[in-house]
Amino acid sequence: MATEVGFIGLGIMGQPMALNLIKAGYKLTVYNRTASKAEPLKTAGATVASTPAEAVKNAEFVVSIVSDTNAMEEVVTGKGGALETLRPGAVWIDSSTISPVFSVKLSRLMGEKGAKLLDAPVTGSKHGAEKGELLFMIGGEDDALKKAKPLIDVMGKKFIHLGGNGKGLSCKVSMNAILATQLLIFCEAILLAKKAGVDPQQFLDVMQSSFARSHLVDFKAPFIFKGDFTPFFPLGLMHKDLSLALENAYANNVPMPTTAAVKEVFGAGKAQGKGDLDIGAVITVLEDLTGEKVRVSNPSS
Ligand code: NAP
């Protein structure tokens, strides 16, 4: 008999991850706060639940990927939340990027029900989710990971087990501090080059031939050049991740002056109403300040 999986959160990342599990033969019961987003999953063969509790009640495994700590709190402990029906023995793979401290608290609550939580945040964005090529950063117990591995292998190309509960998330928020910083310094530098009279495409060509090369910039630059900010990873979610990194920095007594500054620029973008645009839209915050735009009519890469 097919293994029963409860799946919670069908956003940019959750939709393709859930579809890949269905294609691999798992029996999914899905929940999404906005019910209409569950339609493609229903068409693909999933059962649609009207509450998180309903989604997890028969599940041996639960996968969740929701926006933030508050969303996760609501789906687990809120009215109709998953804790009401979570089965003893269930393994919960949470791929949301949320507070590491809160995730440890959730692991204790789930432990009281006889279930185990893995914090399993991901990187690889929408394309990685579609292709089943995400990288998972895992925190939690070995035996839970061993049970969950077949599902993780369907959704990802690699996982790294970083230790006990919360360690996957501690890794993830630190990593996103690097990505946000790479993106923002690229935006600052290319804007300066453009205003000083350098062609942006040539600037990128030089950068891609040097130690300054970044995979993230390779991917984002053509979208920035076109002014296409269709969300792959929304700016508002990166602002949230930078806030989580600083929260973790406070908890661990680590100064992060660069992250603090970068967070404020992403925060400015969100305050300007750009939170649902892609992270590449952070360049427009600087463009508005500078009165200069970095656009290329036919980007070569
Ligand atoms: P998204 O498209 O905005 O989806 C967010 C999901 O969370 C939706 O299903 C949304 O439901 C649900 N949600 C939000 N608030 C909720 C609440 N209070 N109760 C119940 N459900 C709630 O975001 P995403 O890009 O898929 O990202 C999801 C998570 O993955 C985030 O933590 C993000 O940081 C992380 N992540 C994203 C990427 C990426 O490239 N996009 C990459 C790695 C990690 P509705 O449909 O009702 O709004």
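# Rings, charges and domains in a predicted model

User: Is Phe 232 buried or exposed?
Analyst: In this predicted model, Phe 232 lies in the loop between α10 and α11. Its relative accessible area is 13%. The cut-off for burial is under 20%, so Phe 232 counts as buried.

User: Which geometry do the rings of Phe 219 and Phe 232 adopt?
Analyst: The ring centres of Phe 219 and Phe 232 are 5.8 Å apart, within the 6.5 Å allowed for a pair. The planes of the two rings meet at 85°. Angles over 60 degrees fall in one class, so the pair of Phe 219 and Phe 232 is edge-to-face.

User: How many residues apart in sequence are the parts that Phe 219 and Phe 232 tie together?
Analyst: Phe 219 belongs to helix α10, which covers residues 215-226. Phe 232 is in the loop that runs between α10 and α11. The pair therefore ties together parts whose separation in sequence is 13 residues.

User: Which residues do ring pairs link into a cluster?
Analyst: The whole structure holds three aromatic pairs. One of them joins Phe 219, which is partly exposed at 30% relative accessible area, to Phe 232, which is buried at 13%. Ring pairs link these two and a further residue into a cluster, whose members are Phe 219, Phe 223 and Phe 232.

User: Which residue has its charged end over the ring of Phe 232?
Analyst: Two rings of the cluster have a lysine over them. For Phe 223, the charged end of Lys 226 sits 5.4 Å from the ring centre. For Phe 232, the distance to the ring centre is 5.4 Å and the charged end is that of Lys 126.

User: What area is buried between domain 1 and domain 2?
Analyst: The chain divides into domain 1, residues 4-163, and domain 2, residues 170-290. Their centres, taken over C-alpha atoms, are 28 Å apart, and the contact takes 16 residues from domain 1 and 16 residues from domain 2. Carbon and sulfur atoms give 70% of the buried area. The area buried between the two domains is about 1300 Å².

User: How many salt bridges cross the interface of domain 1 and domain 2?
Analyst: Side chains of opposite charge can pair when their charged atoms come close. A search of the whole structure finds 11 salt bridges. Across the interface of domain 1 and domain 2, the number found is zero.

User: How many residues apart are Asp 143 and Lys 116?
Analyst: The side chains of Asp 143 and Lys 116 meet in a salt bridge, with N to O at 2.8 Å. Asp 143 is in helix α7 (residues 142-155) and Lys 116 in strand β6 (residues 116-119), so the pair links distant parts of the chain. Asp 143 is partly exposed at 36%, and Lys 116 is partly exposed at 31%. Their separation in sequence is 27 residues.

User: What is the N to O distance in the salt bridge of Glu 264 and Lys 263?
Analyst: Lys 263 is found in helix α12, residues 257-271. Lys 263 is buried at 19% relative accessible area, whereas Glu 264 is partly exposed at 49%. Their side chains meet in a salt bridge with an N to O distance of 3.5 Å.

User: Which residues do salt bridges join into one network?
Analyst: The bridge of Glu 264 and Lys 263 is one salt bridge of the structure. Salt bridges that share partners form a network, and its members are Lys 116, Glu 141 and Asp 143.

User: What is the phi of Gly 25?
Analyst: Helix α1 covers residues 14-23, and eight of its 10 residues are buried. Among the buried ones are Met 17, Leu 21 and Ile 22. Just after α1, Gly 25 takes a positive phi of about 100°.

User: What is the phi of Asn 253?
Analyst: Most residues other than glycine have a negative phi. Ser 125, in helix α6, has a positive phi near 60° and is partly exposed at 22%. Asn 253 lies in the loop between α11 and α12 and is exposed at 70%. Its phi is also positive, near 60°.

Key: Residues numbered from 1 in each chain as written. Predicted model: local features only at pLDDT ≥ 70, side-chain atom pairs only at ≥ 80, totals over all residues. Heavy atoms only, no water. Phe/Tyr/Trp six-rings, centres within 6.5 Å; stacked < 30°, edge-to-face > 60°. Helix = DSSP H or I, 4+ residues; strand = E, 2+ residues; numbered from the N terminus. Buried < 20%, exposed > 50% of the residue type's maximum accessible area, 1.4 Å probe, protein only. Lys NZ or Arg CZ within 6 Å of the ring centre and 35° of its normal. Domains from an automatic or database assignment. Contact = heavy atoms within 4.5 Å. Buried area = accessible area lost by both parts, 1.4 Å probe. Salt bridge = Lys/Arg side-chain N within 4 Å of Asp/Glu carboxyl O.
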